[in-house]
Amino acid sequence: MTEHVWGFKSTAGYLVGTDMTGFEVEATDGNVGTVDRHSDEVGDAYLVVDTGVWIFGKEVLLPASIVVRVDAAERKIYVDRTKGQIKDAPEFHRDRHLGDAGYREDLGTYYGTGAPFGGRPA
């Protein structure tokens with residue numbers, strides 16, 4: 001049900017193989033942080049974003065489907081969520097969650113289209 005969230009939209013302007021490490025990530029209401037790691041693997045595309053001081057140095061995992069535009073010239077990635085929605089996502093710990101299918105399912109549900117504005121279904 002949530003596998004579609006783990007892929008870039010064809011309209012986002014992402015070119016396979018682009019190294020987005022260090023790109024700034026912009027939510028609809030401001031900067032979220034910088035890309036620390038990313039994957040463009042089919043069915044498993046995501047961004048790991050270092051939020052810096054915004055969320056006290058935490059990282060967040062963003063599924064590729066929320067990316068609306070990649071601007072390689074400006075080194076920016078625009079996502080269709082607010083900073084609050086990203087902050088309220090299930091907590092991410094790189095060592096535990098990158099390979100955790102249950103966490104991916106929870107995150108896919110949170111960011112998926114089954115609930116308004118990326119929230120959890122009622």
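The exercises below work through the fold, salt bridges, a histidine site and a pocket of one predicted model. Residues are numbered from 1 along each chain as its sequence is written, and side-chain values use heavy atoms, with hydrogens and water left out. Because the model is predicted, local features need pLDDT of at least 70 and side-chain atom pairs count only at pLDDT 80 or more, while totals for chains, interfaces and linings use all residues.

**Exercise 1. Describe the fold of the chain.**

Step 1. Take the elements as DSSP runs numbered from the N terminus: helices are H or I with at least four residues, strands are E with at least two. The chain has 3 helices and 6 strands.

Step 2. Read them along the sequence. The pattern is β-β-β-β-β-β-α-α-α.

Step 3. Check burial (buried is under 20% relative accessible area, exposed over 50%, partly exposed in between; 1.4 Å probe, protein chains only). Of the 122 residues, 45% count as buried.

Step 4. Check contacts (heavy atoms within 4.5 Å). Among those between residues at least 6 apart in sequence, 52% join residues at least 24 apart.

**Exercise 2. Find which parts of the chain the salt bridge of Arg-104 and Asp-44 links.**

Step 1. Apply the criterion: a side-chain nitrogen of Lys or Arg within 4 Å of a carboxyl oxygen of Asp or Glu. The structure holds 7 such bridges.

Step 2. Test the pair. The closest N and O atoms of Arg-104 and Asp-44 are 2.2 Å apart.

Step 3. Place the partners. Arg-104 is in helix α3, Asp-44 in strand β3 (residues 44–50), and 60 residues separate them.

Step 4. Add accessibility. Arg-104 is buried at 12%. Asp-44 is partly exposed at 21%.

**Exercise 3. Locate the salt bridges of Glu-91 and Arg-94.**

Step 1. Glu-91 pairs with Lys-58, with closest N and O atoms 3.2 Å apart. Glu-91 sits in the loop between α1 and α2 (94–97), Lys-58 in the loop between β3 and β4, 33 residues away.

Step 2. Both partners are partly exposed: Glu-91 has a relative accessible area of 46%, and Lys-58 has 39%.

Step 3. Arg-94 meets Glu-59 at 2.6 Å, N to O. Arg-94 lies in helix α2 and Glu-59 in strand β4, so this bridge ties together parts 35 residues apart in sequence. Arg-94 is partly exposed at 26%.

Step 4. Look for a network. Lys-9, Asp-80 and Arg-81 are linked in one by salt bridges.

**Exercise 4. List what surrounds the side chain of His-38.**

Step 1. Place His-38: strand β2 (residues 30–41).

Step 2. Search for polar contacts (N or O atoms within 3.5 Å; within protein, one must be able to donate a hydrogen and the other to accept it, and residues adjacent in sequence count only if both atoms are side-chain atoms). One of 3.5 Å joins the side chains of His-38 and Asp-19.

Step 3. Turn to the backbone. The nitrogen of Met-20 lies 2.9 Å from a polar side-chain atom of His-38.

Step 4. Collect the neighbours, leaving out residues up to four places away in sequence. His-38 touches Tyr-14, Thr-18, Asp-19, Met-20, Thr-21, Tyr-46 and Leu-47.

**Exercise 5. Characterise the lining of the largest pocket.**

Step 1. Count the lining. There are 14 residues, and Glu-59, Val-60, Lys-87, Ala-89 and Glu-91 lie nearest the centre (a pocket is an open set of points on a 1 Å grid over the protein atoms alone, where a 1.4 Å probe fits, with protein on both sides within 12 Å along at least five of seven lines; lining residues have an atom within 4 Å of a point).

Step 2. Assign elements. β4 (59–63), α1 (83–87) and α3 (101–111) each give two or more residues.
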